[in-house]
Amino acid sequence: MSVSIVQAVWQGLVILFGGALLGMIYKGFDRKLAAQMQGRIGPPLRQPFFDVIKLMVKENVVPDHAVGWLYNLMPLLSLAAVATLLFYVPLGGFRPLLGGYGDLILILYLLAVPSLAMVVGGFAAGSPFATIGAQREMVMMMAYEFPLAITFLSIAWRLSVALPGQAVFSLTTIAANPLWGLVGPFGFIGLLLLFLSLLVVTPAELAKIPFDIPEAETEIAGGLLAEYSGRNLAMFYLGDAIKMVVMASLMVALFFPYGLANLFGVAGFWGGLIDVAFYLVKVFLVIFVAVITVRVGFARLKIGQVARLFWLPVTGVSLLGTLLLALDRIV
Amino acid sequence: MIFGTLMKQLFSKPATNPFPVRHMPRSVTAILKKVAAGQAAIHPPVPTPKDLRGKIAYDRDKCIGCGLCARVCPANVIELYKPEGEEKNKIRMYVARCTFCAQCVDACPVGALWTTEEFLLAATDRFAENLIVE
Amino acid sequence: MNNQSINLEIGNNTACYSVPVGPVHPALKEPIRFQFDLDGERIVGVDIKPGFAHRGIEYMGMRRNLIQTLYLSERICGICSISHPLAFTQAVENAAGIEVPPRAQYIRTIIGELERIHSHLLWAGVGAHELGFDTLLHLVWNVREKSMDLLEQLTGNRVDYAIPIFGGVRRDIPAEKAPLAYEAIGYYKDLLQRLIDAFLRDKSVELRTRNVGVMTYDQAVALCAAGPTTRASGVKKDVRVDMPYLAYADMDLHAITPEDYGTEPIGDVFDNIIVRLLEVAQSIEIIEFCLEHLPEGELTSIPKVPALLAALKKASGEGIGRHEAPRGEVFHYVRLEEGVEEMAVWKVKAPTYSNLMAWVPKFLGDEVADIPIVAASIDPCMCCMDRVHLIDGTGTASVKAKEELVRLSREKTRRICG
């Protein structure tokens with residue numbers, strides 16, 4: 001028993017560090033590729049590491065009007081929640097570490113915690129800009145949670161119909177049984193629609209342009225993060241990097257959990273390596289399409305427009321996807 | 001929309017004019033020597049356009065000390081003074097104050113002042129040697 | 001003129017809280033202080049406090065001879081750097097009765113229009129940045145580099161061109177430099193449609209700028225707004241058309257409004273983008289006309305500097321000069337006294353001064369998210385605009401310059417710190 005706990009702790013640490021490392025590497029790619037697309041040279045790929053190191057040594061300023069304990073607690077909470085997510089999401093094609101102790105519903109809740117922590121941190125900061133940023137983040141959460149939940153639940157429901165009796169909310173099951181092969185033509189289109197709506201939700205979840213309203217640099221001078229500095233900001237930054245990996249891994253697990261090793265018939269260590277490499281490429285592709293390209297191709301939208309966009313078209317698309325999935329079962 | 005341009009730019013050379021070297025070299029003179037010998041390469045600098053209004057050059061012998069340049073200079077760059085043992089006034093220019101408008105060049109009746117294309121004039125001392133023209 | 005005449009209901013204030021923007025804020029390129037009264041995200045009240053970029057330039061100018069002041073006027077603003085000298089030289093030539101030869105007038109026009117191109121492209125990039133669309137910022141500023149390079153090749157510097165002098169211009173555009181100019185014009189002609197499409201056909205830009213920051217035709221007329229700000233509302237006001245000067249008198253120009261793009265003018269930010277980008281196209285045509293019809297002749301009517309100084313010293317009288325700067329009408333007033341080298345009076349009215357009050361109807365009713373783009377939509381240039389005029393308790397007016405302001409602020413600090 002104790003051996004497996006030690007093993008679990010060891011694996012947990014590896015996942016934590018690996019997740020953070022991956023997050024920062026992908027963030028580096030994000031900045032470099034975005035710069036290339038804009039015709040610039042951009043920072044080196046190691047820049048996020050420099051950023052985090054620099055932030056850790058800078059002074060941690062707590063404003064006079066801030067609610068001190070909340071203000072300092074929220075970055076910790078945000079980072080802890082995101083790091084916990086790493087244990088519930090299948091990374092690299094492996095089973096999630098705590099796969100038996102939490103499922104899709106827990107992930108849905110955990111995804112909301114970092115944003116909530118930022119909201120509370122923003123309100124606790126005592127600055128008018130942070131207040132506006134926090135209000136906007138709350139409205140945005142109310143907007144994108146809807147299609148997110150619909151997508152998750154539709155997939156779990158359809159899987160429960162295709163594989164009765166299995167723990168369909170568990171990500172291990174979902175990753176092991178990609179739905180594309182289990183549905184007919186209607187279901188295929190429905191799944192595609194769900195995929196598209198989740199693609200639109202991803203930049204909102206990660207607060208990237210066109211949905212980076214809570215932190216709008218030119219409008220509210222950094223918004224919720226305006227007053228944060230030093231170690232607190234480093235924690236938010238790290239949390240943002242890890243969340244990018246988590247969201248992309250979720251997308252990959254839900255829609256493209258395929259491995260390459262089985263295709264080539266390679267097993268064992270080399271098979272695992274091939275699968276990990278393929279997973280890294282898939283995550284990179286998701287980030288490229290959902291975060292990087294979108295970040296440089298659009299202007300920032302207003303909060304009213306974002307809310308309307310998610311409640312009407314995106315929810316409509318995901319509901320249509322669900323309908324088609326249901327239709328697929330009947331037909 | 002704009003995505004076509006973005007994708008094209010992703011695979012083409014950036015529009016930035018990069019610095020000569022990627023990282024600050026330990027010795028600038030050493031690396032310049034290497035470049036002259038063909039052993040190292042630097043990003044070539046952007047060519048200086050002709051007729052750039054750079055540092056003003058001064059021919060002391062032609063100068064007749066009329067002081068017109070000092071009268072029209074907007075930035076009090078030119079100091080007119082009488083050197084020891086000479087009959088005519090001469091000038092001293094403090095390039096740190098200069099706006100490089102070259103009005104003094106236009107004002108000089110004998111052509112003792114002219115613009116050069118020298119613009120790499122940054123220094124830490126306002127009265128460094130290359131920032132005083134006399 | 002009161003609030004009723006511009007149809008504003010400032011009295012119904014349902015504000016919950018107020019947010020200061022400026023003088024230092026990422027949305028502002030130059031210091032200005034706004035105080036917004038907000039109801040949630042809606043702006044219900046705005047107060048504007050300028051004065052942070054005051055440098056006492058008119059005071060300095062009145063203590064220098066005219067040629068020195070010319071270069072001072074060039075540095076009132078970096079983006080409008082030839083607009084001020086053009087208006088200033090006009091004012092002094094007006095007062096002193098100095099004629100400008102035709103070739104010089106055409107060269108002044110060419111440089112003035114090149115400045116308009118670079119200024120409008122700069123504005124377009126900054127506007128995109130305020131919207132969060134950094135890609136357009138980089139693309140447009142890359143395109144702008146061609147005009148800066150051309151200006152450097154023609155005048156010797158990217159900014160502060162030192163071209164106008166009283167009586168003419170200082171540098172010629174010789175025949176060997178004409179191909180450079182034609183190449184730049186060709187470059188812009190090829191790119192212009194793509195530039196216009198990148199801004200005006202982009203859905204997210206339209207979502208952010210349509211019906212945002214609206215100023216109606218009547219409000220624009222009542223507030224005496226100037227430049228593209230007022231033309232976006234449909235007011236056909238342009239100094240080059242209404243009171244032609246320099247080479248504009250030989251051309252058939254019209255004031256550009258959104259009707260030239262085919263849409264009804266609403267006076268929102270989108271219309272501002274339309275007007276400014278179409279003005280870039282108009283500037284290219286003007287430069288081409290001037291290059292083709294460049295008259296032969298001398299560059300300046302008083303080439304020798306001592307003669308010029310003498311003529312200026314002998315001059316007396318008042319003179320005004322105006323120019324359609326990229327931001328609107330810039331106006332200089334000069335009074336010269338005989339036998340005195342310095343000016344007796346110099347008053348500069350920058351275009352942003354006329355456009356300042358346009359911010360009030362534009363902001364009211366918009367959201368916090370619109371603050372940066374509406375602030376940028378009038379193309380504010382605070383450094384052109386700031387003058388400080390203090391009236392103390394006894395009713396006497398004075399203009400405070402830097403030394404006085406530093407002394408007063410030090411006194412106050414001592415008072416506060418005890």
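In which loop of chain C does C:Leu246 lie? The first legend takes up that residue.

**Figure 1. C:Leu246 sits in a loop of chain C.** The model shown here and in the other views is predicted. C:Leu246 belongs to the loop between helix H10 (239-242) and helix H11 (269-292) of chain C. Its phi is near 45 degrees, a positive value in a residue other than glycine. Most residues other than glycine have a negative phi. Is C:Leu246 buried or exposed? C:Leu246 counts as buried because it has 22 C-beta neighbours inside 10 Å, and the cut-off is 20 or more.

**Figure 2. C:Ala162 has a positive phi.** The angle is about 50 degrees, although C:Ala162 is not a glycine. The residue is placed in the loop between H5 and strand S4 (164-165) of chain C. With 24 other C-beta atoms within 10 Å, C:Ala162 is buried.

**Figure 3. A cis peptide bond leads into C:Pro23.** The bond runs from C:Gly22 to C:Pro23, and omega is near -5 degrees. C:Pro23 is found in the loop between strand S1 (17-21) and strand S2 (33-39) of chain C. Most peptide bonds are trans.

**Figure 4. A cis peptide bond joins A:Ile209 and A:Pro210.** Omega is about 0 degrees here. A:Pro210 lies in the loop between helix H7 (185-205) and H8 of chain A. The next view turns to the contacts of chain A with chain C.

**Figure 5. Chain A meets chain C.** The contact involves 22 residues of chain A and 25 residues of chain C. On the chain A side, the elements that give two or more residues are helix H5 (128-162), helix H8 (217-220), helix H11 (268-297) and helix H12 (303-330). Which of them supplies the largest share? H8(A) does, with four residues. By class, this side of chain A has twelve nonpolar, five polar and five charged residues.

**Figure 6. Chain C also touches chain B.** Here 18 residues of chain C are in contact with 20 residues of chain B. Three helices of chain C each supply at least two residues to its side: helix H2 (66-74), helix H5 (134-155) and helix H12 (305-314). That side of chain C divides into seven nonpolar, seven polar and four charged residues. For the complex, the predictor gives an ipTM of 0.89 and a pTM of 0.90.

**Figure 7. Chain B combines helices and strands.** Its secondary structure comes to four helices and five strands. Along the sequence the pattern is α-α-β-α-β-β-α-β-β. The radius of gyration is 21 Å, well over the 14 Å that the globule rule gives for 134 residues, so chain B is more spread out than a compact globule. The C-alpha trace spans about 70 × 45 × 25 Å along its principal axes. Chain B is divided into domain 1 (3-36) and domain 2 (56-133). The centres of domain 1 and domain 2 of chain B, taken over C-alpha atoms, are separated by 36 Å. Buried residues make up 21% of the 134 residues in chain B. Among contacts in chain B between residues at least 6 apart in sequence, 64% join residues at least 24 apart.

**Figure 8. B:Cys104 is one of the best-connected members of the largest nonpolar core.** This core has 252 residues. A:Val89, B:Cys69 and B:Cys104 touch the most other members. Helix H9 (residues 230-255) of chain A gives the most to this core, with 19 residues. Which residues does B:Cys104 touch, not counting those up to four places away in sequence? They are B:Ile56, B:Cys69, B:Val72, B:Cys73, B:Ile78 and B:Leu113. In soluble globular proteins, nonpolar side chains tend to be buried together.

**Figure 9. Two stretches of chain C have a pLDDT below 50.** The mean pLDDT of chain C is 88, and 92% of its residues reach 70 or more. Over residues 1-5 of chain C the pLDDT is below 50, and this stretch has four contacts beyond near neighbours in sequence. Residues 388-392 of chain C also have a pLDDT below 50, with nine such contacts in the model. Where pLDDT is low, the predicted coordinates should not be read in detail.

Terms used:
Residues are numbered from 1 along each chain as its sequence is written. Chains are lettered from A and ligands numbered from 1 in the order in which they are written. This is a predicted model: local features need pLDDT of at least 70, side-chain atom pairs count only at pLDDT 80 or more; totals for chains, interfaces and linings use all residues. Two residues are in contact if their C-beta atoms, placed from the backbone, lie within 7 Å. Ala, Val, Leu, Ile, Met, Phe, Trp, Tyr, Cys and Pro count as nonpolar, Asp, Glu, Lys and Arg as charged, and the others, Gly among them, as polar. Domain bounds come from an automatic or database domain assignment. pLDDT is the predictor's confidence in each residue, from 0 to 100. A nonpolar core is a set of buried Ala, Val, Leu, Ile, Met, Phe, Trp, Tyr and Cys residues joined through C-beta atoms within 7 Å. A residue is buried if 20 or more other C-beta atoms lie within 10 Å of its own, exposed if 12 or fewer, and partly exposed in between; C-beta atoms are placed from the backbone. The radius of gyration is taken over C-alpha atoms; the globule rule is 2.2 Å times the number of residues to the power 0.38.
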